[in-house]
Amino acid sequence: MTAETFVIVGASLAGGKAAETLREEGFEGRVVLIGAETEAPYERPPLSKGYLAGADERSTAFLHEAAWWADHDIDWRPGTAAVGLDPESRTVALHPADTITYDRLLIATGSAVRTLDVPGSDLEGVRYLRTLDQSDALLAAFRRGEPVVVVGAGWIGLETAAAARGHGCPVTVLETASLPLQRVLGDEVATVYRDLHLAHGVDFRFGAGLREFRGSDGELRAVVLDDGTELEAATAVVGVGIRPVTDLAASAGLTVDNGIVTDAHLRTSDPFVYACGDVANSFNPLLGRHLRVEHWANALNGGPAAARAMLGGTEEYAPLPYFFSDQYDLGMEYSGWVAPGEYDRVVFRGDPRSDANAPEFLAFWLRGGAVLAGMNANVWDVNEDIQGLVKAGLAGRPADPAKLADPDVPLPDTLA
Ligand SMILES: Cc1cc2nc3c(=O)[nH]c(=O)nc-3n(C[C@H](O)[C@H](O)[C@H](O)COP(=O)(O)OP(=O)(O)OC[C@H]3O[C@@H](n4cnc5c(N)ncnc54)[C@H](O)[C@@H]3O)c2cc1C
């Protein structure tokens, strides 16, 4: 019997972890890891945090040294894009020209940034942040200490703003809403992030629309708002969201709906094709619904889960959504999931206003007494307990808000 070939498209965190897991699980067939980028597989969180802050070495972003992949008999193809998929013949067409036949295929093509198309978008200095080379370019720009305008007060925009402030750049953040992170966190906790950045000298422009990037000699000089306000800028960082890279799946006729739709085994509408990470809209048995998660932990754990499913494993992938963020001296973890406007109450343990620079608190988002999500800000070793409360909430067991707010009550004892 000839050895099987498992092909993985997308050589970042999800794809890289899947390849690694195939070998860890003892798969002896051929593993081909196709990556459009030329860098060895890397993680993206450092790109807006330690590396961009100038605190961590570039090398800390990589999953392994470049030689590791060949050492583990993984046929990693850098600078190679999958450009066609034929589920019938089970082949993937590549660029530069090649064709690979697979027994199982994993699509881990992740996300791509949404781009802006306003006048001046092509000026040097108008930047996005998704890849390591884009982080290199931003780091070099921030080191010059010149004015930065960030478009969009989401996670990427805010972390970038914090890094730029750390390098001494004057920073203005534009946001169409009235608070940063308003959709994700709601007003109560979004206010904490606004105050944190204000305390570090960030100038917010809420409700601001962008009219154009203005420059001379091909270089950005200013960002112009809808009302004609002109903000001096040598760098503009656009962080207005991402979209799942579904082209390959869609062109092959796989079911795509806000990402590649999979079951709880990360299997797509084709039984030989799997999807994981940012690109997958997977059925989550814990939440009882499909969800696409654009976060690190879902790539870290989804890659291995997909690998085990490809090997015939029967365990469902049922993660509680989790993400983290670091900005200045505020580190936080968030577990659970709340659709915008779906909670009816936020309960704090600790005072989020006690120290604008480094607040220490827990926050819980509740609906009908059940904890939908929880966040620990500068408080550590509690995430497991918070996840326990969210899982209890999902199972219909409410928590007592008064006990949740009381630091003397152990978190597991707050359940009603
Ligand atoms: C700057 C930054 C900071 C972040 N910080 C955090 C954080 O603090 N916390 C958190 O939870 N999450 C964070 N995230 C999100 C997290 O990094 C993503 O969820 C994670 O990278 C998703 O991994 P992935 O492997 O699914 O996809 P991606 O990382 O998007 O990788 C997909 C890969 O597939 C390649 N590819 C696409 N199409 C093809 C093709 N046709 N052929 C070959 N290759 C292809 C792409 O080039 C890319 O290398 C951050 C993201 C960014 C950009």
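## Around the ligand

An oxygen atom of the ligand sits 3.2 Å from a polar backbone atom of His295, which fits the usual cut-off for a polar contact: a pair of N or O atoms within 3.5 Å. (Within protein, one atom of the pair must be able to donate a hydrogen and the other to accept it, and residues adjacent in sequence count only if both atoms are side-chain atoms.) An oxygen atom of the ligand also lies 2.9 Å from an N or O atom in the side chain of Ser12. In Phe324, a backbone N or O atom is 3.0 Å from a nitrogen atom of the ligand. Taken alone, the ligand exposes 1,000 Å², and the protein buries 92% of that; such areas come from the Shrake-Rupley method with a 1.4 Å probe, and for residues only the protein chains shown count as cover.

Before we go on, a word about the model: it is predicted, so local features need pLDDT of at least 70 and side-chain atom pairs count only at pLDDT 80 or more, while totals for chains, interfaces and linings use all residues. Residues are numbered from 1 along each chain as its sequence is written, and side-chain values use heavy atoms, with hydrogens and water left out.

## Who makes up the shell?

There are 34 residues around the ligand, and Glu37, Arg44, Lys49, Arg130 and Asp278 come nearest. A residue is near a molecule or strand if one of its heavy atoms lies within 4 Å of it. By class, the shell has 17 nonpolar, ten polar and seven charged residues. Here Ala, Val, Leu, Ile, Met, Phe, Trp, Tyr, Cys and Pro count as nonpolar, Asp, Glu, Lys and Arg as charged, and the others, Gly among them, as polar.

Which helix gives the largest share of the shell? That is α2, with three residues. At least two shell residues come from each of α1 (13-24), α2, β4 (81-86), α5 (155-166), α8 (296-310) and β22 (322-327). These labels follow DSSP runs, numbered from the N terminus: helices are H or I runs of at least four residues, and strands are E runs of at least two.

## Ser48 and Glu159

Let's look at a pair of residues in two of those helices. Ser48 lies in helix α2, which spans residues 45-48, and Glu159 lies in helix α5. Is Ser48 buried or exposed? Ser48 counts as buried because its relative accessibility is 5%. The scale calls a residue buried under 20% relative accessible area, exposed over 50%, and partly exposed in between, using a 1.4 Å probe and protein chains only. Glu159, at 4%, is buried as well.

Contact here means heavy atoms within 4.5 Å. Setting aside residues up to four places away in sequence, Ser48 touches Leu129, Glu159, Thr160 and Ala163. With the matching exclusion, Glu159 touches Ser48, Lys49, Phe324, Ser325, Asp326 and Gln327. Phe324 is a residue you have already met, through its backbone atom 3.0 Å from a ligand nitrogen.

## Two loop residues

Ala399 is found in the loop between α9 (383-394) and α10 (401-405). Its relative accessibility is 6%, so Ala399 counts as buried. Beyond its neighbours within four places in sequence, Ala399 is in contact with Gly369, Val371, Leu404, Thr414, Leu415 and Ala416. Ala399 and Asp413 are 14 residues apart along the chain, and their C-alpha atoms are separated by 8.8 Å.

Asp226 is in another loop, the one between β14 (219-225) and β15 (230-232). Asp226 and Gly215 are eleven residues apart along the chain, with 17 Å between their C-alpha atoms. Leaving aside neighbours within four places, Asp226 contacts Gly209, Leu210 and Arg211.

## Unusual backbone spots

Most residues other than glycine have a negative phi, and most peptide bonds are trans. Against that background, a cis peptide bond joins His95 and Pro96, with omega about 0°. Pro96 lies in the loop between β5 (91-95) and β6 (98-101).

Arg90, in the loop between β4 and β5, has a positive phi near 50°. Arg90 is partly exposed because its relative accessibility is 25%. Leu181 also has a positive phi, about 55°, and its place is in the loop between β11 (171-175) and α6 (182-199). With a relative accessible area of 4%, Leu181 is buried.

## Cysteines

How many disulfides does the structure hold? It holds zero, where a disulfide is a pair of cysteine sulfur atoms within 2.5 Å. Cys169 is buried, with a relative accessible area of 0%, and Cys276 counts as buried at 2%.
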